[in-house]
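User: Can you walk me through this model? I'd like pockets, cysteines and any odd backbone spots.

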Amino acid sequence: MMGPAYTLRMVVEATCYAILALGLTIQWGYAGLFNAGIMGFVALGGAMTMLMSFPVNQDFWNSSAPAGLGRVLLIALAGAALVFAASRLHRLGVSRGLRTAVTVIVLAIAYLVFMNALTPVAAEIESTAGFVGGLGLPVGIGWIAGGAVAGLVGYFIGRICLGLRSDYLAIATLGIAEIIKALLKNADWLTRGTLTVSPLPWPVPAPAEIGFVGSRATYLAVTAVLIVAIYILLQRAYHAPWGRMMRAIRDNETAAGSMGKDVNRRRLEIFVLGCILMGIGGAALITFVRIFDPSGFVPLNHTFLVWVMVILGGAGNNLGAIFGALLIYIVWTMSEPATLFAFHLMEQYGRDWFGWQPPADLDSRALQMRVFIIGLTITLVLRYAPRGLMPEPVKHVD
């Protein structure tokens, strides 16, 4: 079970989570932004890399659906332009209340027109081609697109939500992540929904070409290089005036604002940057598992686990986030077989010594013990190291 192929798989997935943890640690550790919607950005990254790198679906391109989809796209762009124009009516002397009412009405009409145009085209795509398929581009472009779209969505979320209190921001991002998942799950014409899309191409030779160990080791080299590059850039930003300004805003927002800093704008910058990293990490993770399944995105695995990694590693310390991601993912993965081994020992000796009849669902209970072990780990670490195993270094000047 713990052969080289399995170990490499575990470490590769841990490095993908490390990229997610780096995205979260700059949002929470640098700026104190409580993002509870990591799952949504992971899903966006996975969806974009699927759409960019999956092979071209000739059935779709040989039908009349691409032309219909182009018309729908033009309608969407026109609707967005009208909504944007309505939101700028105050420049013509229109009152704030009337401008808001007109914007909402235009938005509702544009949505209805868009959905009325999209519905028949989506039905045609599903009946003739199944789904749109991919563009057959290199996987690296899919990862970049995943980060770009996650950052774009993060920008609009940040524009609306960053003025909220931290707990309201968490609730808002949590809800938006569920909306993103629901959209991807129900857009069968775009993502095949619950039917899933596989196998996704890799950026390195596949296991069928050079074997599991060779391909996974090569994949690990790619993610390791990516982490090193991100780490160096984040460290430079941390020690630059920009990083000091972000920490000043985090530690005392009022004082930083009184010094002339645009607090909301700086928060938006780092929120978008964190979302970009989450999109790239999600794209790398979904590419590695080779299957895009919108139903597979769950808050426990793609939000809660990342938060545990950052908290236990040390919020605000990039090295701590990487260490926490590797440690927690290994604990998370190994807790099931370790618990199963312990349960089987109990079963054997309990039956031999006491005539104990174990429950039939002993194996499934071992899987559920993962959450207990993670909970126990976080309790012990926070008891003896409240700021994490590798806390943010704080310089004191005498």
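**Walking through the model**

Analyst: Let me start in a helix. Ala 321 is buried, with 0% relative accessible area. This is a predicted model.

User: Which helix does Ala 321 lie in?

Analyst: Ala 321 sits in helix α14. Its C-alpha is 17 Å from that of His 239, and the two residues are 82 apart in sequence.

User: And Phe 343, buried or exposed?

Analyst: Phe 343 is buried, because its relative accessible area is 15% and the cut-off for buried is under 20%. Phe 343 is also found in α14. Pro 358 is 15 residues away from Phe 343 in sequence, and 9.3 Å away C-alpha to C-alpha.

User: Pockets next. How much space lies in the largest pocket?

Analyst: About 2,700 Å³. There are 49 lining residues, and the closest to the centre are Ala 76, Phe 114, Val 153, Phe 156 and Leu 183.

User: Which elements give two or more residues to that lining?

Analyst: They are α2 (38–53), α3 (58–61), α4 (65–86), α5 (96–128), α6 (139–161), α7 (166–186) and α8 (188–191). The most comes from α4, which gives 11 residues.

User: How do the lining residues of the largest pocket divide by type?

Analyst: The lining has 41 nonpolar residues, 6 polar and 2 charged.

User: What about the second largest pocket, how much space lies there?

Analyst: That one holds about 420 Å³. Its lining has 18 residues, and Glu 13, Tyr 17, Val 289, Asn 301 and His 302 are the closest to its centre.

User: Which elements supply two or more residues there?

Analyst: Four helices are on that list: α1 (4–30), α12 (263–289), α13 (299–313) and α14 (318–354). α1 gives the most, with 4 residues.

User: And its lining, how does that divide?

Analyst: The second largest pocket is lined by 10 nonpolar, 4 polar and 4 charged residues.

User: You listed α13 there. How far does α13 reach from its first C-alpha to its last?

Analyst: It reaches 20 Å over 15 residues. That is close to the 21 Å expected at 1.5 Å a residue.

User: Where does α13 bend?

Analyst: At Leu 305, by about 25 degrees.

User: Which α13 residues are buried?

Analyst: The buried ones are His 302, Thr 303, Leu 305, Val 306, Trp 307, Val 308, Met 309, Val 310, Leu 312 and Gly 313. So Leu 305, where the bend falls, is buried, and His 302 is both buried and among the residues closest to the centre of the second largest pocket.

User: Switching to cysteines. How many disulfides does the structure hold?

Analyst: It holds 0 disulfides. Take Cys 16: the nearest cysteine sulfur belongs to Cys 275 and is 18 Å away. A disulfide needs the two sulfur atoms within 2.5 Å, so a pair at that distance does not count.

User: Is Cys 16 buried or exposed?

Analyst: Buried, at 0% relative accessible area.

User: And for Cys 275, which cysteine sulfur is nearest?

Analyst: That of Cys 161, at 11 Å. Cys 275 is in no disulfide either. Cys 275 counts as buried too, because its relative accessibility is 0%.

User: Now the backbone. Where is there a cis peptide bond?

Analyst: Between Ser 198 and Pro 199, with omega about -10 degrees. Pro 199 is in the loop between α8 and α9 (207–239).

User: Which residues that aren't glycine have a positive phi?

Analyst: Arg 192 is one of them, with phi about 70 degrees. Thr 196 is another, with phi near 65 degrees.

User: Where are those two found?

Analyst: Arg 192 is in the loop between α8 and α9. Thr 196 lies in that loop as well, and so does Pro 199.

User: Arg 192 and Thr 196, buried or partly exposed?

Analyst: Arg 192 is partly exposed, at 30% relative accessibility. Thr 196 counts as buried, because its value is 15%.

User: Great, that covers my list.

Conventions
Residues are numbered from 1 along each chain as its sequence is written. This is a predicted model: local features need pLDDT of at least 70, side-chain atom pairs count only at pLDDT 80 or more; totals for chains, interfaces and linings use all residues. Side-chain values use heavy atoms; hydrogens and water are left out. On a 1 Å grid over the protein atoms alone, a cavity is a set of points where a 1.4 Å probe fits but cannot get out, and a pocket is an open set with protein on both sides within 12 Å along at least five of seven lines; lining residues have an atom within 4 Å of a point. Grid points are joined across faces, edges and corners, and a volume is the space filled by probe spheres set on the points. Ala, Val, Leu, Ile, Met, Phe, Trp, Tyr, Cys and Pro count as nonpolar, Asp, Glu, Lys and Arg as charged, and the others, Gly among them, as polar. Buried means under 20% relative accessible area, exposed over 50%, partly exposed in between (1.4 Å probe, protein chains only). The expected span of a helix is 1.5 Å times one less than its number of residues. The bend at a residue is the angle between axes fitted to the seven residues ending there and the seven starting there.
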